[in-house]
Amino acid sequence: MHLLRLNLAVAASGFRRYATYRVATAAGVFTNTVFGFILAYTFIALWYERPHLGGYDQSQALTFVWIGQAMLATAALMGGGFQDEFHERVRNGDVAIDLYRPVDLQLWWFASDLGRAAFQLLGRGLVPMAVGAFAFELTLPSSPAVWLLFLCAVFLAVVVSFALRYLFALCGFWLLDATGLSALSTLLSVFFSGMLLPLTVFPGVFGEVVRWLPWAATLQVPADVLLGESGAGGAAGLGFQLAWAGVLLTAGRLLQSAATRKVVVQGG
């Protein structure tokens, strides 16, 4: 119970921290909305030439665009979140203080990232989605159960996103400068999540492979859950996300253990 209260407090602290940046949030909403319009009109032109591309009609494709804008900051699809602070603490040695605290390092950063994601969903996700629904004909479900499944998929997308970013962040223990790792993490996320194009658009074996990669769980799966394309009422998509979350979080714990031993060997 004490651990639960502690993690809730850390998550609440993360929420309040991002809530203080009101101007940045407003700028983010504006940027997401503008980028959404650019992508939406690009998709309209593309789907006009290729109706039902990737298995979506034009309305579904436009819905995918605005789901992406809602998820962009929520799941940190283009970076952001805890990585920069984590890398700095590793670089200057403050991470040694974190390791001495009576809390688990992975769980601490996970709770903080959940608070961040909750604020970004409310602060930067809902408004672009509402604007997109007002400006375009979107395919949105009327069933509350589908929306509930979608929220579960969003939560699991944040978990998978955190687990991926945490693995990249931990690699900073072995490097003097983790800037390249951050850039690589962002590049992989943007391309393989479906941020630029739905992954169902990619043909052949390559398309099959990218849909099984963990980044698909951060946008493609939540979008398909909302659009009713994930099969078995969304259970297949949620199962895919849960499986990757388990694998990646476990890998994070193993890599964290190795990194912790490295810190001890180096003397902090």
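Hi everyone, let's start inside the protein: the largest cavity has a volume of about 40 Å³. Please keep in mind that this is a predicted model. A search of the whole structure turns up one cavity of 30 Å³ or more.

What lines this cavity? The residues are Leu39, Phe43, Phe64, Val65, Gly68, Gln69, Gly194, Met195, Leu196 and Leu219. Helices α2 (22–49) and α3 (58–74) each supply at least two residues of that lining. Which helix gives the most to the lining? That is α3, with four residues.

Let me pick one name from that lining, Gly194. Gly194 follows helix α8, and its phi is positive, near 100°. That brings us to α8 itself. The helix covers residues 179–192, which makes 14 residues. From its first C-alpha to its last, α8 reaches 20 Å, close to the 20 Å expected at 1.5 Å a residue.

Which residues of α8 are buried? They are Leu181, Ser185, Leu188, Ser189, Val190 and Phe192. And what covers them? The cover includes α7 (144–170) and α9 (204–212).

Now for the charged side chains. How many salt bridges does a search of the whole structure find? It finds five. I'll walk you through some of them.

One of them joins Glu85 and Arg17, whose side chains meet at 2.8 Å, N to O. Glu85 sits in helix α4 (residues 83–92) and Arg17 in helix α1 (residues 2–19), so this pair ties together parts that are 68 residues apart in sequence. Are these two buried or exposed? Glu85 is partly exposed, with a relative accessible area of 30%, and Arg17 is also partly exposed, at 40%.

Next, look at Asp113 and Arg165. They form a salt bridge too, with their closest N and O atoms 2.6 Å apart. Why does this pair tie together separate parts of the sequence? Asp113 belongs to helix α6 (residues 105–135) and Arg165 to helix α7, so the bridge links parts that are 52 residues apart. Buried means under 20% relative accessible area. Asp113 has 2% relative accessibility, so it counts as buried. Arg165 has 3%, so it counts as buried as well. There is a third partner here: Asp113, Arg116 and Arg165 are linked in a network of salt bridges.

For a salt bridge inside one helix, turn to α9, where Arg211 and Glu208 both lie. Their side chains meet at 3.1 Å, N to O. The two residues are three apart, about one turn of the helix. Why does that spacing help us picture the pair? An α-helix has 3.6 residues a turn, so residues three or four places apart point the same way. Both partners are partly exposed: Arg211 has a relative accessible area of 27%, and Glu208 has 44%.

Last, the cysteines. A disulfide is a covalent bond between the sulfur atoms of two cysteines. How many disulfides are counted in this model? The count comes to zero. Cys152 is partly exposed, at 35% relative accessibility. Cys171 is partly exposed too, with a relative accessible area of 29%.

If you open the structure after this meeting, try finding Gly194 just after α8, and then look for Gly194 again in the lining of the largest cavity. Thanks for listening!

Technical notes
Residues numbered from 1 in each chain as written. Predicted model: local features only at pLDDT ≥ 70, side-chain atom pairs only at ≥ 80, totals over all residues. Heavy atoms only, no water. Expected span 1.5 Å × (residues − 1). Buried < 20%, exposed > 50% of the residue type's maximum accessible area, 1.4 Å probe, protein only. Contact = heavy atoms within 4.5 Å. Salt bridge = Lys/Arg side-chain N within 4 Å of Asp/Glu carboxyl O. Disulfide = S-S within 2.5 Å. 1 Å grid on protein atoms, 1.4 Å probe; cavity = no way out; pocket = protein on both sides within 12 Å on 5 of 7 lines; lining within 4 Å. Points joined across faces, edges and corners; volume = space filled by probe spheres on them.
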